[in-house]
Amino acid sequence: MKLLITTGGTSEAIDQVRAITNHASGNLGKIIAEQALRIGHEVTLVTTKQAVKPEPQKNLTIIEITNVESLQSTLEPLVKTHHVLIHSMAVSDYTPVYMTGLDEVQATEDITSLLDKKNAESKISSKDDYQVLFLKKTPKVISYVKQWNPTIQLIGFKLLVDVSKEELFAVARQSIERNGADYILANDLTDIKGNQHIAYLVDKTSEVQAQTKEEIAQLILETLEKGEKHG
């Protein structure tokens with residue numbers, strides 16, 4: 001199979017020296033890629049500069065992106081030429097629009113007018129004691145995948161924090177419904193510590209548990225191979 005895997009975390013620039021990002025290391029995606037390569041799959045890894053990566057090897061292509069915009073433009077043609085997308089990347093929910101001192105915000109009668117402004121300088125001044133950063137929602141890249149290729153097997157990831165299993169599974173199934181995903185790998189941040197990484201591979205009717213990153217990778221790949229045999 002030709003597998004497309006996303007790993008790491010996107011970064012959205014505030015100016016040329018600052019950005020907002022997340023703590024995703026890319027480690028789980030790296031392990032999935034390594035196991036897939038070991039059993040003979042072709043892997044295209046879409047990742048970030050900071051993320052950990054497998055060693056260069058046969059059947060592995062690594063492509064680096066930075067932000068949501070570059071992720072979307074990179075994924076679209078790749079989705080059309082792969083059998084599976086394992087979308088483990090932590091994608092930024094918001095991107096900066098405008099950053100300014102608190103004084104300008106307080107002096108502006110219609111604050112929404114600031115949403116049309118842009119920071120012209122390459123490095124925003126740090127003279128103000130307080131800065132206000134306006135953010136706008138980024139596109140949900142996963143929602144385009146089945147539009148780009150209706151036949152691709154899509155495995156999305158959902159990370160919540162300190163919720164019940166019932167809520168975790170419900171949110172995962174909402175994502176399946178909304179994005180046309182075949183599976184969602186649902187996990188809770190409170191269950192990730194040390195070598196432990198409790199997660200559930202959720203489809204429309206069932207959940208299968210894994211307890212480490214290696215088990216997650218094995219579960220995903222075995223599930224995909226079973227689907228290929230039945231397909």
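Here is a short tour of the fold, its strands and one loop residue. The model is predicted, and the protein in it has six helices and twelve strands. Of its 231 residues, 44% are buried. Eight of the strands form an open, mixed sheet, and a good place to start looking is the order of those strands.

**Overall dimensions and surface**
- Taken along the principal axes, the C-alpha atoms fill a box of roughly 65 × 40 × 35 Å.
- The accessible surface comes to about 12,600 Å², and carbon and sulfur atoms account for 49% of that surface.
- The protein carries 25 positive and 31 negative charges, and the mean positions of the two sets lie 5 Å apart.
- If you take contacts between residues at least 6 apart in sequence, 64% of them join residues at least 24 apart.

**The eight-stranded sheet**
- Reading across the open sheet, the strand order is 5-4-1-6-9-10-11-12, with mixed pairing.
- Strand 5 (60-64) and strand 12 (207-210) are the edge strands; each has a single partner strand, so one side of each has no neighbour in the sheet.
- On average, neighbouring strands of this sheet are turned by 20 degrees against each other, direction ignored.
- At the strand 5 edge, strand 4 (residues 42-47) runs parallel to strand 5, and five bridges join the two.
- To find this pairing in the viewer, look for Thr-44, whose bridge partner in strand 5 is Thr-61.
- Helix 2 (residues 68-79) lies across strand 1 (2-6), strand 4, strand 5 and strand 6 (84-87). Relative to strand 4, helix 2 runs at about 165 degrees.

**Strands 7 and 8**
- Strand 7 (residues 94-101) is mostly covered, with seven of its eight residues buried.
- Strand 8 (residues 131-137) runs antiparallel to strand 7, and seven bridges connect them.
- One handy landmark here is Thr-100, which has Val-132 of strand 8 as its bridge partner.
- When you follow the side chains, keep in mind that in a regular strand they alternate between the two faces of the sheet.

**A closer look at Ala-24**
- Ala-24 sits in the loop between strand 3 (19-20) and helix 1 (27-38).
- With a relative accessible area of 33%, Ala-24 counts as partly exposed, because that value falls between the 20% and 50% limits.
- Setting aside neighbours within four places in sequence, the contacts of Ala-24 are with Gly-8, Gly-9 and Ala-90.
- Ser-206 is 182 residues away from Ala-24 along the chain, and 27 Å separate their C-alpha atoms.

Terms used:
Residues numbered from 1 in each chain as written. Predicted model: local features only at pLDDT ≥ 70, side-chain atom pairs only at ≥ 80, totals over all residues. Heavy atoms only, no water. Buried < 20%, exposed > 50% of the residue type's maximum accessible area, 1.4 Å probe, protein only. Helix = DSSP H or I, 4+ residues; strand = E, 2+ residues; numbered from the N terminus. Pairing = 2+ DSSP bridges. Axes fitted to C-alpha atoms, helices over the stretch in contact; angles between N-to-C directions. Contact = heavy atoms within 4.5 Å. Areas by Shrake-Rupley, 256 points an atom, 1.4 Å probe, with all protein chains shown as cover. Lys, Arg positive; Asp, Glu negative; His and termini not counted. Charge placed at Lys NZ, Arg CZ, Asp CG, Glu CD.
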